[in-house]
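Student: Please take a close look at one part of this model with me: the sheet and the aromatic rings around it. I would like one connected account, with the cut-offs spelled out as you go.

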Amino acid sequence: MNRPRRGHDFLPTPDRLLTVPAIYTQETVDTVDKVVHLHYFAAAGDWWITELDPQTLLAFGYVRLAAMPECAEWGYIPLDELEAAIDGLGCPVERDLHWQPTAFGQIPDAR
């Protein structure tokens with residue numbers, strides 16, 4: 001949808017998507033130990049994905065919006081809606097192409 005503006009696919013390859021744990025599978029994992037498999041960013045904020053339903057593209061992860069960093073929280077993220085989002089400058093949300101799975105506690109920008 002916003003691929004021409006973004007210059008790359010919003011979602012990683014199907015094989016990489018299958019490596020993201022299913023929704024609810026990390027509920028018993030301590031927050032600092034949850035593995036973030038995907039990172040999305042825009043001027044409006046950052047989205048760190050720890051779980052995903054590849055059928056519905058409903059993800060679970062941590063969101064920090066630039067305008068309200070003190071209100072950062074864990075929650076559900078519909079990736080189809082995130083893919084369609086455009087900021088006030090006309091820029092889409094982008095996938096961090098260099099992201100490697102990382103424990104949440106090891107991500108300084110997320111806290």
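**The sheet and its aromatic neighbourhood**

Tutor: Let's start with a glycine pair: Gly-61 stands across from Gly-75 of β5. This is a predicted model, where local features need pLDDT of at least 70 and side-chain atom pairs count only at pLDDT 80 or more, while totals for chains, interfaces and linings use all residues. Residues are numbered from 1 along each chain as its sequence is written, and side-chain values use heavy atoms, with hydrogens and water left out.

Those glycines belong to the pairing of β4 (residues 58-65) with β5, which is antiparallel and runs over six bridges. Strands here are DSSP runs of E, at least two residues long, and helices are runs of H or I, at least four, both numbered from the N terminus. Two strands pair if DSSP finds at least two bridges between them.

Now step back to the whole sheet. Five strands make up an open, antiparallel sheet, and their order is β5-β4-β3-β2-β6. At its edges are β5 (73-78) and β6 (94-95), each of which pairs on one side only. Further along that order, β2 (residues 38-42) and β3 (residues 45-53) are antiparallel partners over five bridges, and a hairpin connects β2 to β3 through two residues. Ala-42 has Gly-45 in β3 as its bridge partner. β2 also pairs with β6 in the antiparallel sense, over two bridges; there, Tyr-40 is matched with Arg-95 in β6.

With the strands placed, we can turn to the rings. The whole structure holds eight aromatic pairs. For these, the ring centres of Phe, Tyr or Trp (its six-membered ring) lie within 6.5 Å, and planes under 30 degrees apart count as stacked, over 60 as edge-to-face and the rest as tilted. Take Tyr-24 and Tyr-76: their ring centres are 6.4 Å apart and their planes meet at 65°, so this pair is edge-to-face. Because Tyr-24 is in the loop between α2 and β1 and Tyr-76 is in strand β5, the pair ties together parts that are 52 residues apart in sequence.

Phe-60 and Trp-74 make another pair, with centres 5.9 Å apart and planes at 15°, so they are stacked. Phe-60 is in strand β4 and Trp-74 in strand β5, so this pair also links distant parts of the chain, 14 residues apart. Phe-60 is buried because its relative accessibility is 15%, and Trp-74 is partly exposed because its value is 24%. The limits are under 20% relative accessible area for buried, over 50% for exposed, and partly exposed in between (1.4 Å probe, protein chains only). The four residues of these two pairs belong to one aromatic cluster, made of Tyr-24, Trp-48, Phe-60, Tyr-62, Trp-74, Tyr-76 and Phe-104.

Tyr-76 deserves a second glance. At 43% relative accessibility, Tyr-76 is partly exposed. Setting aside neighbours within four places in sequence, Tyr-76 contacts Ile-23, Tyr-24, Leu-58, Ala-59 and Phe-60, contact being heavy atoms within 4.5 Å. The C-alpha atom of Tyr-76 is 9.3 Å from that of Leu-52, a residue 24 places away along the chain.

Its ring partner has an interesting backbone, too. Tyr-24 is not a glycine, yet its phi is positive, at about 80°. Leu-57, in the loop between β3 and β4, likewise has a positive phi, about 60°, without being a glycine. Most residues other than glycine have a negative phi.

The loop that holds Tyr-24 runs between α2 (14-17) and β1 (35-36), and Gln-26 is placed there as well. Gln-26 is buried, because its relative accessibility is 7%. Not counting residues up to four places away in sequence, Gln-26 touches Pro-21, Lys-34, Val-35, Thr-50 and Glu-51. A polar atom of the Gln-26 side chain lies 3.3 Å from the backbone nitrogen of Val-35.

Terms used:
A polar contact is a pair of N or O atoms within 3.5 Å; within protein, one must be able to donate a hydrogen and the other to accept it, and residues adjacent in sequence count only if both atoms are side-chain atoms.
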